[in-house]
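Biologist: I would like to learn how to read a model of this kind, beginning with the contact between chains. Could you take me through it?

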Amino acid sequence: MRALYFAWVRERVGIAEEEIDPPASVKTLADLVAWLKRRGENYGAAFADQGSVRAALDRCHARPDQPIAGVEEVAFFPPMTGG
Amino acid sequence: MLRILRLQKEPFDAAGETAPLAQGRSDIGALVTFTGICRAEEDGLAALEIEHYPGMAEEEIGRVMDAAGARWPIAGALVIHRYGLIRPGEAIVLVATAARHRGEAFAAAEFLMDYLKTNAPFWKKMRMRDGRDGDWIGPRAEDEAATKRWR
């Protein structure tokens, strides 16, 4: 699946986009965040304050308990400040 | 419902953009337009760099426009949102709604604007006059509260 990072999440991870291939044990968005955090310090820094990172699955806002099976695009970003 | 939705780097002309919402119709009694402008809140602010999530931004704003159309009998809605570098005094966003009566036009425009603030995937970074990067602008509790009241 394709992972996208925006704003300060992108700055902390250090890249805007990557292909990821989490193992089958990673079932929910929360599992995915925990798996990413184990991949390196940069991910740890990006997700240190998990409450302030939002996510979208296939371009729809998503909650941590949502399953990621079949998802093609996941995105992580800070709370939005549109308008 | 007529739906006009565009994301662009360039400035926009509010009067020209909103004209199609009421043009050639005799059943529209109200056209509400809102323009959001970049404010120099912080001393030394040179510009805001607006980042967005291409694809999701259009889809999410479209969903909010559809929700406004389902909730109020509006004939048309327009959202133009800019991204890229925007200096204080420049317009960032244009929201407009057209309806038979002003009540639904005002309500739908406010609903759209409130949801844009908290749900549309845009982020603002401050660029300072001395050339350094400022902070990312954080969410405001007032904006969260404004969106919550529509639920």
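Modeller: The contact takes 14 residues from chain A and 21 residues from chain B, where two residues are in contact if their C-beta atoms, placed from the backbone, lie within 7 Å. This is a predicted model, in which local features need pLDDT of at least 70 and side-chain atom pairs count only at pLDDT 80 or more, while totals for chains, interfaces and linings use all residues. Residues are numbered from 1 along each chain as its sequence is written, with chains lettered from A and ligands numbered from 1 in the order in which they are written.

Biologist: Which element supplies the largest share of the side of chain B that touches chain A?

Modeller: That share, 5 residues, comes from α3(B), helices (H or I, at least four residues) and strands (E, at least two) being DSSP runs numbered from the N terminus.

Biologist: How should I read the sheet in chain B, and which strands stand at its edges?

Modeller: Strands of a sheet pair through backbone hydrogen bonds, either parallel or antiparallel. Here an open sheet of 4 strands has the order β5-β3-β7-β8 in chain B, with antiparallel pairing (two strands pair if DSSP finds at least two bridges between them). At the edges stand β5 (84-86) and β8 (133-136) of chain B, each with a single partner strand, so one side of each is left without a neighbour in the sheet.

Biologist: How many bridges join β3 of chain B to β5(B)?

Modeller: Strand β3 (residues 45-52) of chain B is joined to β5(B) by 3 bridges, and the two run antiparallel; B:Ile50 has B:Gly84 in β5(B) as its bridge partner.

Biologist: What is B:Ile74 in contact with?

Modeller: Leaving aside its neighbours within four places in sequence, B:Ile74 is in contact with residues including B:Met1, B:Ala68 and B:Ala108.
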